[in-house]
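Please work through the exercises below with the sequence and model at hand. Each task is followed by a worked solution.

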Amino acid sequence: MSDYHTMWADLGLDLKRHDAMLEALPAIYGDLYLSQENRPTGMGYFDFVVSEIHGARVKELVDHKAQGGKVIGTFCVYVPEEVIVAADAIGVGLCGGLDLTVPDGERVLPRNLCPLIKSAFGFKVARMCPYFQACDFVVGETTCDGKKKAWELLDGYVPTYVMELPQKKTPQDEAMWLGEVKAFVSQVEEATGNKITSERLAQGIARIDAKRAALQRLYDLRKADPVPISGLDALLAMQISFYDDPVRFTEKVNALADELEEKVRQGEGVKPAGTPRILMAGSPMPIPFWKLHSIVEGSEAVVVAEESCTGTRYLTGPTEVKVEGEGLEAQLWAIARRQLKTHCACFTPNTERMEDILRLAREYKADGVILFSLQFCQPYLVEAVKAEKLLEKEGIPTLRLETDYSQEDVGQLKTRFEAFLEVIRQ
Amino acid sequence: MRIAGLDIGSRTIALVELEAGRIADFAVLDTGVNPLDQCQRLLSGKEYVRLVATGYGRHLAATHFADEVISEISASARGVHHLYSDARTVIDVGGQDSKAIALTPEGRVQKFEMNDRCAAGTGRFLEMMALALGLSIGELGPHALAAQDGAVPINSMCTVFAESEVVSLIARGEDTRRIALGLHRAIGRRIANLARRVGVHASVVFVGGVALNPCMQRVLAEELDLPLMVPLEPQIVVALGAALHAQTYQGGVENDRDR
């Protein structure tokens, strides 16, 4: 690994704390990831990305900026990446998944707020994230009240542009969201100085569609029994998708999928066939939140899918541009419509998400579903009540878990999961 | 030779020995600061055909001496079903956890709920409150039952806040028996709500160390409006469940796995 200290200093990082954080990573990653058995060799690339977590990719951002390019931070799969790519800008997902920066977030924000917001905010306040530091501006969105109000405060640290999400899925809401997408186009054009033409946007759509298609391939392969890849590894690929270069990432995921296809043909898996299969449904799991996956996979079970923004909710697609409507307007409609098929819990009513959970449980042959909510994540906490009822009616064992990024409840969660596994097996 | 179940809880360690399908012996010891030492004290000089560990220290036991581990939820269900074959709801309140388990008529776990990491609604809470009232944990329940003129309502469920609420109630000159009753009612409501989340059906069996508290038995029964069954030694039921599990796998006398 190269020495990035000069680059980090230039980005204004708190070097002392940042060093301490990075020094802790290899041991954790080694324990959770490198110790796994029967790992696909295609995970080598993702191991490398983690070993360079604040290095090689940040260097690419810095080089891009040196040539006049812009870097745009995002926190939600509703922010249209296609538009960012079309303007030759780089988008990076900034959601925080680390306990370490939560107290920094709490220096500013109230404590009774979800750990995702506090962690991300804390990364900025404490100057611990080079991606955050490299951003020319960040894009917030109104997916929950906590985020909505946090953006007003974040704007004091970094220019924060906010997209308003509708809360229903009627034609009026579609029209409103289209307006937001168009306003975002203007914002990106202004920030980058690059005009987003229909040709450029077509290329942006193609790139991001290809990325989603590669990830969908990876997910489809997890339907096999024995499953050819661990939930931990698949989740990691998904987490990295939010900040890696989209073209290179797509290539690597496709290479991994090729290898997994062969494994499925040979009947090879990370765990024996018949290992209890878990669908994880709920709040996002930003890097490095691996806590629940490691509890599940440390207990003779395997996670086969995540119904999450860091999972299947990112994968709706492709973007279907209707032939009759040519040009930018049709493309933007297609982007907006595709996005509204992403069934975030911020919508009401949100019966489509319930259908998704049930469908995914069947497609991935889940033996049990964990309804996971981050602490204080009201939309997912409340929807879990409905989802649990539905799944129980269908006879699918369900476990509701609410947790944060800390390790203090791991023993308790293990007990609950092990008991759940005993229920599945009995 | 005997079969054993060992429940390593946060406050106590319980050992149950089975011989020919019957409880031959049992013991309960404080967990203290070194659970492994305490286990070795309980087990020294003993040999079992099979030993199954449960409770929060189960994995520690597995790396040292246990043949197998099961979760305390399954163990609790199993122990209760063995003692009360018509049990449909288990309320198990221990030192740091409270659990509610819905059982199928065959005694299998249908659904369970567990308190979150907070100590409210657990034995630990009652211990802290007994301390604030200058009582031993054994004195707390009878003290509360002696209250005249009803309970003093307690609003805080957080252990830290409740303690300061108790201190200020004492300073105000409130009768400590009425304060103690108020504490039991507050905790009873919380545990009853946990139980309602799995659905409460008769018979309801109350186990765990907190089930030894006569006032807790009463307020919980009142809260649920159902009679509660409390076994003679409620704190060893989980260990019994682990022992029964060991017996099944050993193929013992009362092989009841497929009942």
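The exercises that follow treat confidence, domains, a helix pair and the chain contact.

This is a predicted model, in which local features need pLDDT of at least 70 and side-chain atom pairs count only at pLDDT 80 or more, while totals for chains, interfaces and linings use all residues. Residues are numbered from 1 along each chain as its sequence is written, and chains are lettered from A and ligands numbered from 1 in the order in which they are written.

**Exercise 1. Assess the confidence of chain B.**

Step 1. The mean pLDDT (the predictor's confidence in each residue, from 0 to 100) of chain B is 92, with 96% of its residues at 70 or more.

Step 2. Confidence in chain B is lowest in helix 6 (residues 159-171), with a mean of 89, and highest in strand 9 (residues 204-207), at 98. Helices (H or I, at least four residues) and strands (E, at least two) are DSSP runs numbered from the N terminus.

Step 3. Residues 252-259 of chain B have pLDDT below 50. Where pLDDT is low, the predicted coordinates should not be read in detail.

Step 4. For the model, ipTM is 0.88 and pTM is 0.93.

**Exercise 2. Describe how the domains of chain B meet.**

Step 1. Domain 1 of chain B comprises 1-84 + 235-259, and domain 2 comprises 86-230; such bounds come from an automatic or database domain assignment.

Step 2. Their C-alpha centres lie 25 Å apart.

Step 3. In domain 1 of chain B, 14 residues are in contact (C-beta atoms, placed from the backbone, within 7 Å) with 22 residues of domain 2 of chain B. Helix 3 of chain B gives the most to the domain 1 side, with 6 residues.

**Exercise 3. Classify the packing of helix 7 and helix 8 of chain B.**

Step 1. The axes of helix 7 (residues 176-198) and helix 8 (residues 214-224) of chain B come within 9 Å and cross at roughly 50 degrees. Axes are lines fitted to C-alpha atoms, for helices over the stretch in contact, with angles from 0 to 180 degrees between N-to-C directions.

Step 2. Helix 7 of chain B is therefore oblique to helix 8 of chain B, since angles under 35 degrees count as roughly parallel, over 145 as roughly antiparallel, 65 to 115 as roughly perpendicular and the rest as oblique.

Step 3. Among the contact residues are B:Leu181 and B:Ile191 of helix 7 and B:Val219 and B:Leu220 of helix 8.

**Exercise 4. Outline the contact between the chains.**

Step 1. Chain B and chain A contribute 12 residues each.

Step 2. On the side of chain B, helix 3 (72-83) and strand 8 (109-114) each supply at least two residues.

Note on methods:
Two residues are in contact if their C-beta atoms, placed from the backbone, lie within 7 Å.
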